[in-house]
Amino acid sequence: MTTPGGEPAQQHDAFHPHLNATAPDGPLRSRLHHIRTEDVDPGTAQTEGMRRFAAISGQSVGSERLWMGQTHVAPDTVSANHHHGESETAIFVVRGHPEFVFAEERDGHVEEIRLRTRPGDYIFVPPYVPHREENPDPDDEAVVVIARSTQEAVVVNLPELYVLEGGE
């Protein structure tokens, strides 16, 4: 298909007419990628008490604004406190009943808030919010799928939980 001037016409997706149908440059950005369970990469940022595995990242598939992988928390385990820098993090609980703990100021006192989950639940972690994961189950590991708004896993391990300045 060409324009009246003989130039190649841009083709558009019927649902997204504002997107250019031309594939971006580079071998990683011009095709779909299939990452099998056995191919997830443990060579990503880690926190004591949990194991992270990268599936989708800048390194693995050329993503520019997304990281996705899974985290395993062993039975009867508490992770170290940490945050994910400027990255927004979305978590989907696949297996187990992990608990997510963060600090919040209430009535002038800092309290630990515990979010108890079950398979099928979602958690959203805003940028820089200190937290930790816990798996109170004495027998079974907890498994979650994680998506982040950065192309690599950002993990800043902390000595303790604290409330962000200006948090409400």
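**Exercise 1. The turn between β6 and β7**

Task: Find where D107 lies and say what its phi angle shows.

Solution.
- Step 1: Locate the residue. D107 sits in the loop that runs between β6 and β7. This is a predicted model, so read every value below as computed from its coordinates.
- Step 2: Look at the backbone. D107 is a residue other than glycine, and its phi is near 55 degrees, a positive value. Most residues other than glycine have a negative phi.
- Step 3: Check the surroundings. D107 has 77% relative accessibility, which means that D107 counts as exposed, the cut-off being over 50%.
- Step 4: Place the turn in its hairpin. β6 and β7 form a hairpin with two residues between them, and these strands pair in the antiparallel sense over eight bridges. One of the pairings sets F102 against its bridge partner I113 in β7.

**Exercise 2. Another positive phi**

Task: Describe the backbone and the exposure of D76.

Solution.
- Step 1: D76 is not a glycine, yet its phi is positive, at about 50 degrees.
- Step 2: D76 belongs to the loop between β2 (67-73) and β3 (77-78).
- Step 3: The relative accessible area of D76 is 60%, so D76 is exposed.

**Exercise 3. Charge pairs across the chain**

Task: Work out which residues form salt bridges with E141, and which parts of the chain these pairs link.

Solution.
- Step 1: Recall the idea. Side chains of opposite charge can pair when their charged atoms come close. With a cut-off of 4 Å between nitrogen and oxygen, the count comes to nine salt bridges.
- Step 2: Take R51. E141 forms a salt bridge with R51, and their closest N and O atoms are 3.2 Å apart. E141 is in the loop between β9 (131-135) and β10 (142-148), while R51 is in strand β1 (residues 51-56), so the pair links distant parts of the chain, 90 residues apart.
- Step 3: Take R95. The side chains of E141 and R95 meet in a salt bridge at 3.0 Å, N to O. R95 is in strand β5 (residues 89-95), 46 residues apart from E141.
- Step 4: Compare exposure with the cut-offs. E141 has 23% relative accessibility and counts as partly exposed. R51, at 43%, counts as partly exposed, and R95, with a relative accessible area of 41%, is partly exposed too.

**Exercise 4. A charged network**

Task: Examine the salt bridge between R116 and E99, then find the network that holds them.

Solution.
- Step 1: The closest N and O atoms of R116 and E99 are 3.4 Å apart.
- Step 2: R116 is in strand β7 (residues 109-116) and E99 in strand β6 (residues 99-106), with their positions 17 residues apart in the numbering.
- Step 3: Contrast the ends. R116 counts as exposed at 62% relative accessibility, whereas E99 counts as buried at 10%.
- Step 4: Widen the view. Salt bridges that share partners join E99, E112, R114, R116, R132 and E134 into one network.

**Exercise 5. A buried arginine**

Task: What does R148 have in place of a salt bridge?

Solution.
- Step 1: R148 is in strand β10.
- Step 2: R148 is buried yet has no salt bridge; E133, the nearest side chain of opposite charge, is 6.9 Å away.
- Step 3: Turn to polar contacts. The side chain of R148 is joined to that of H84 by a polar contact of 3.1 Å, and to that of T89 by a polar contact of 3.1 Å.
- Step 4: List some neighbours. Beyond four places in sequence, R148 touches several residues, among them R52, R65, W67 and V154.

**Exercise 6. The loop after β10**

Task: Where is S149, and which residues does S149 contact?

Solution.
- Step 1: S149 is found in the loop between β10 and β11 (156-158). Its relative accessible area is 33%, so S149 is partly exposed.
- Step 2: S149 and L66 are 83 residues apart in sequence, but their C-alpha atoms are 4.8 Å apart in space.
- Step 3: Leaving aside neighbours within four places, S149 is in contact with R65, E86, S87 and E88. The side chain of S149 reaches the backbone nitrogen of E88 at 2.8 Å.

Conventions: Residues are numbered from 1 along each chain as its sequence is written. This is a predicted model: local features need pLDDT of at least 70, side-chain atom pairs count only at pLDDT 80 or more; totals for chains, interfaces and linings use all residues. Side-chain values use heavy atoms; hydrogens and water are left out. Helices (H or I, at least four residues) and strands (E, at least two) are DSSP runs, numbered from the N terminus. Buried means under 20% relative accessible area, exposed over 50%, partly exposed in between (1.4 Å probe, protein chains only). Lys and Arg count as positive and Asp and Glu as negative; His and the chain ends are not counted. A polar contact is a pair of N or O atoms within 3.5 Å; within protein, one must be able to donate a hydrogen and the other to accept it, and residues adjacent in sequence count only if both atoms are side-chain atoms. Contact means heavy atoms within 4.5 Å. Two strands pair if DSSP finds at least two bridges between them.
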